[in-house]
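Biologist: I'm new to reading protein models. Could you walk me through one, a feature at a time?

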Amino acid sequence: MNFLVDYNLRGQAALLWGTIAAEGWLELMPIRFVGFEEVGLLENSSDRLVWQVAQSHQMIILTANRSMKGDDSLEQVIREDNTLQSLPVVTIGNKERLDEQIYRERCASRLVEILLDIDNFMGVGRVYIP
């Protein structure tokens, strides 16, 4: 499964990726972190465009601060466009804490749990981790 990593998580995503790899999950399941530039998005892309690109490429959005206000906010887009076939948006509760090994390990575990049970997360909209 591919995660579309929000531009605001680039540095922390590398740490999270390292934790997932160190725990051996990459040997058991395909997990890939994809940056905005790999799918043609700009840093200032609207939440609506990010959602549309992620869903069309079958990617889970991994974010920490997408807006909850306005017509194109991620929250509004989820309310309007989410279906039972939509992949969830995973939101890191506190991105600054990804520097802490224990918090990062908890986030990595939750990401893997979501992937292992992805059918039950389809259509839920947003999932906060850890």
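Modeller: Sure, and let's begin with a word we'll need a lot: contact means heavy atoms within 4.5 Å. Here's a case: leaving aside neighbours within four places in sequence, Asn82 is in contact with Trp51, Val77, Gly123, Val124 and Gly125. Before we go on, some ground rules: this is a predicted model, where local features need pLDDT of at least 70, side-chain atom pairs count only at pLDDT 80 or more, and totals for chains, interfaces and linings use all residues. Residues are numbered from 1 along each chain as its sequence is written, and side-chain values use heavy atoms, with hydrogens and water left out.

Biologist: Got it. How many helices and strands does the chain have?

Modeller: Helices (H or I, at least four residues) and strands (E, at least two) are DSSP runs, numbered from the N terminus. Here you get five helices and five strands. Reading from the N terminus, the order is β-α-β-α-β-α-β-α-α-β. The radius of gyration of the chain is 14 Å, close to the 14 Å from the globule rule for 130 residues, so the chain is as compact as a globular protein of that length. That radius is taken over C-alpha atoms, and the rule is 2.2 Å times the number of residues to the power 0.38. Along its principal axes, the C-alpha trace spans about 40 × 30 × 25 Å.

Biologist: And what share of the contacts joins residues at least 24 apart in sequence?

Modeller: Counting contacts between residues at least 6 apart in sequence, 72% join residues at least 24 apart. Asn82 and Gly123 make a nice example of a pair spread along the chain: they are 41 residues apart in sequence and 6.2 Å apart in space, C-alpha to C-alpha.

Biologist: How do I read "buried"? And is Ser86 buried or exposed?

Modeller: Buried means under 20% relative accessible area, exposed means over 50%, and partly exposed is in between (1.4 Å probe, protein chains only). By that rule, 47% of the 130 residues in the chain are buried. Ser86 is buried because its relative accessible area is 4%. Ser86 sits in the loop between α3 (74–81) and β4 (89–92). Asn82 lies in that loop between α3 and β4 too, but Asn82 is partly exposed, with a value of 22%.

Biologist: Which residues does Ser86 touch, leaving aside its neighbours within four places in sequence?

Modeller: Those are Trp51, Gln55, Asp81, Phe121, Met122 and Gly123. Next comes a pickier idea: a polar contact is a pair of N or O atoms within 3.5 Å. Within protein, one atom must be able to donate a hydrogen and the other to accept it, and residues adjacent in sequence count only if both atoms are side-chain atoms. The side chains of Ser86 and Asn82 make one at 3.4 Å. A polar atom of the Ser86 side chain also lies 2.9 Å from the backbone nitrogen of Thr83. As for Asn82, a polar atom of its side chain is 2.7 Å from the backbone oxygen of Gly123.

Biologist: Trp51 keeps turning up. How many residues of its helix, α2, are buried?

Modeller: Seven of the ten residues in α2 (residues 47–56) are buried, so we call this helix mostly covered. The buried ones are Asp47, Arg48, Val50, Trp51, Val53, Ala54 and Gln55. They pack against β1 (2–5), β3 (59–63), α3 and β4.

Biologist: What happens to phi just after α2?

Modeller: There, Gln58 takes a positive phi of about 55°, and Gln58 is a residue other than glycine. Gln58 belongs to the loop between α2 and β3, and it is partly exposed at 44%.

Biologist: What does the side chain of Glu38 make a polar contact with?

Modeller: With the side chain of Arg32, at 2.7 Å. Glu38 lies in the loop between β2 (32–35) and α2. Its relative accessible area of 45% makes Glu38 partly exposed. Not counting residues up to four places away in sequence, Glu38 touches Arg32 and Phe33.

Biologist: One last thing: which peptide bond is cis?

Modeller: The bond from Ile129 to Pro130 is cis, with omega near 15°. You'll find Pro130 in the segment after β5 (126–129).
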